[in-house]
Amino acid sequence: MNYYVAKNKKRKRRKAQILLGFFFLFIASCFLYFYMVVTPSIIEATEFSIFSLSTSAVSDAIYDVLDQDHITYDDLVEVKYDSEGNVSMISLQTVTINEIARKFYQVAQIYLDSMGKNGVDVPLGTFTGIPAFSGLGPKINLKLVSIGAMTSTFKSDFTTAGINQTKHSLYIHLFASVSLIMPAYSQTIDSVTEMLVAESVVVGKVPSVYLGGGLNFTPSV
């Protein structure tokens with residue numbers, strides 16, 4: 001009698017262990033499927049939208065700062081001439097540029113934080129990882145987080161505008177990183193926004209060192 005009871009308990013214990021093993025195998029398979037199939041599908045479906053949203057947010061911030069502060073070419077660039085009317089020096093007003101860059105960062109961060117709160121909507125079908133179901137079903141909102149400090153560089157472009165005339169354009173390249181928050185996973189998407197800050201026609205012969213693009217600057221903020 002005791003032999004059969006012990007054997008029955010042992011059989012039940014083994015059955016429970018097998019079921020537990022299958023359960024953990026199922027959980028592991030779900031996680032693997034999520035990382036290997038579902039996650040790439042979600043990233044593919046949202047990457048372009050996130051890039052566009054972050055670029056738009058940064059562009060709006062730059063435009064608002066330029067518009068509110070009424071920034072002109074003379075605020076950012078100093079041009080000096082020699083006695084013969086040729087350009088002797090073109091220099092960036094680094095203090096002013098640093099102040100403006102700081103405003104760009106502050107306003108852009110506000111816009112990116114607002115974008116992050118709104119998040120990005122992903123159709124439920126995308127979470128199946130099956131292409132045929134992508135774009136179907138109710139929307140699931142995923143949050144976005146702006147991570148780290150933004151960085152920027154100011155770059156010059158010199159083009160001929162006529163006899164002894166050169167158009168000098170000053171651009172800002174503002175780099176930002178946004179993280180897409182998903183269950184047990186996050187994906188960082190980088191963006192760079194280029195925008196014209198100021199330009200003017202410089203009258204006089206411009207030294208070749210500047211024509212070669214030698215007037216770039218990275219703000220220290």
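Visitor: How do I read burial for a single residue, and is Phe154 buried or exposed?

Guide: Phe154 has a relative accessible area of 1%, so Phe154 is buried. The cut-off for buried is under 20%. Keep in mind that this is a predicted model. Phe154 is found in strand E6.

Visitor: Which residues touch Phe154, leaving aside those up to four places away in sequence?

Guide: The list is Ile97, Ala101, Phe104, Leu170, Tyr171, Ile172, Val197, Leu215, Asn216, Phe217 and Pro219. Take Ile97 as a case: it lies 57 residues from Phe154 along the chain, but their C-alpha atoms are separated by 8.8 Å.

Visitor: What share of contacts in the whole chain join residues at least 24 apart?

Guide: Among contacts between residues at least 6 apart in sequence, 66% join residues at least 24 apart.

Visitor: What pattern of helices and strands does the chain follow?

Guide: The protein chain has four helices and eight strands. Along the sequence they come in the pattern α-α-β-β-α-β-β-β-β-β-β-α.

Visitor: How do I read a nonpolar core, and which residues have the most contacts inside the largest one?

Guide: In soluble globular proteins, nonpolar side chains tend to be buried together. Here the largest nonpolar core has 48 residues, and those with the most contacts inside it are Ile62, Leu76, Phe104, Leu112, Phe154 and Leu180. Two or more residues of this core come from each of H1, helix H2 (73-76), strand E2 (87-92), H3, strand E3 (120-123), strand E6 (151-162), strand E7 (165-182) and strand E8 (185-203). H1 gives the most, with 11 residues.

Visitor: What share of the chain is buried?

Guide: Of the 221 residues in the protein chain, 33% are buried. The accessible surface comes to about 13,300 Å², and 59% of that area belongs to carbon and sulfur atoms.

Visitor: How do I check the length of a helix, and what span should H3 have?

Guide: Multiply the rise for a residue by one less than the number of residues. Helix H3 (residues 94-118) has 25 residues, so at 1.5 Å a residue it should span 36 Å, and its end C-alpha atoms are indeed 36 Å apart.

Visitor: Which residues of H3 are buried?

Guide: The general idea is that an α-helix has 3.6 residues a turn, so residues three or four places apart point the same way. In H3 the buried residues are Ile97, Asn98, Ile100, Ala101, Phe104, Tyr105, Ala108, Leu112, Met115 and Gly116. Among them, Ile97, Ala101 and Phe104 are also contacts of Phe154.

Visitor: What follows H3?

Guide: Gly119 follows H3, and its phi is positive, near 70°.

Visitor: How do I read a positive phi outside glycine, and where is His70 found?

Guide: Look at the residue type, then at its place in the chain. His70 is not a glycine, yet its phi is positive, about 50°. His70 sits in the loop between H1 and H2. Its relative accessible area is 61%, so His70 is exposed. Asn164 is another non-glycine with a positive phi, about 55°, and it lies in the loop between E6 and E7. Asn164 has 48% relative accessibility, so it counts as partly exposed.

Visitor: How many salt bridges does the whole structure have?

Guide: A search finds two salt bridges. In one, Asp69 pairs with Lys103, and the closest N and O atoms are 2.7 Å apart. Asp69 is in helix H1 and Lys103 in helix H3, so this pair ties together parts that are 34 residues apart in sequence. Asp69 is partly exposed at 31% relative accessibility, and Lys103 is partly exposed at 36%. Glu78 and Lys80 also meet in a salt bridge, at 3.8 Å from N to O. Glu78 counts as partly exposed at 29%, as does Lys80 at 38%.

Visitor: How do I read a nonpolar surface patch, and which residues make the one of about 960 Å²?

Guide: Look for nonpolar side chains on the surface. This patch is made by Leu20, Phe23, Phe24, Phe26, Ile27, Phe31, Leu32, Tyr35 and Met36. Take Phe26, which lies in helix H1 (residues 2-69). Phe26 has 52% relative accessibility, so it counts as exposed, whereas Phe154 is buried at 1%.

Conventions
Residues numbered from 1 in each chain as written. Predicted model: local features only at pLDDT ≥ 70, side-chain atom pairs only at ≥ 80, totals over all residues. Heavy atoms only, no water. Patch = residues over 30% accessible without salt bridge, like charges linked within 9 Å, V, L, I, M, F, W, Y side chains within 5 Å. Areas by Shrake-Rupley, 256 points an atom, 1.4 Å probe, with all protein chains shown as cover. Salt bridge = Lys/Arg side-chain N within 4 Å of Asp/Glu carboxyl O. Buried < 20%, exposed > 50% of the residue type's maximum accessible area, 1.4 Å probe, protein only. Core = buried A, V, L, I, M, F, W, Y, C linked by side-chain atoms within 4.5 Å. Contact = heavy atoms within 4.5 Å.
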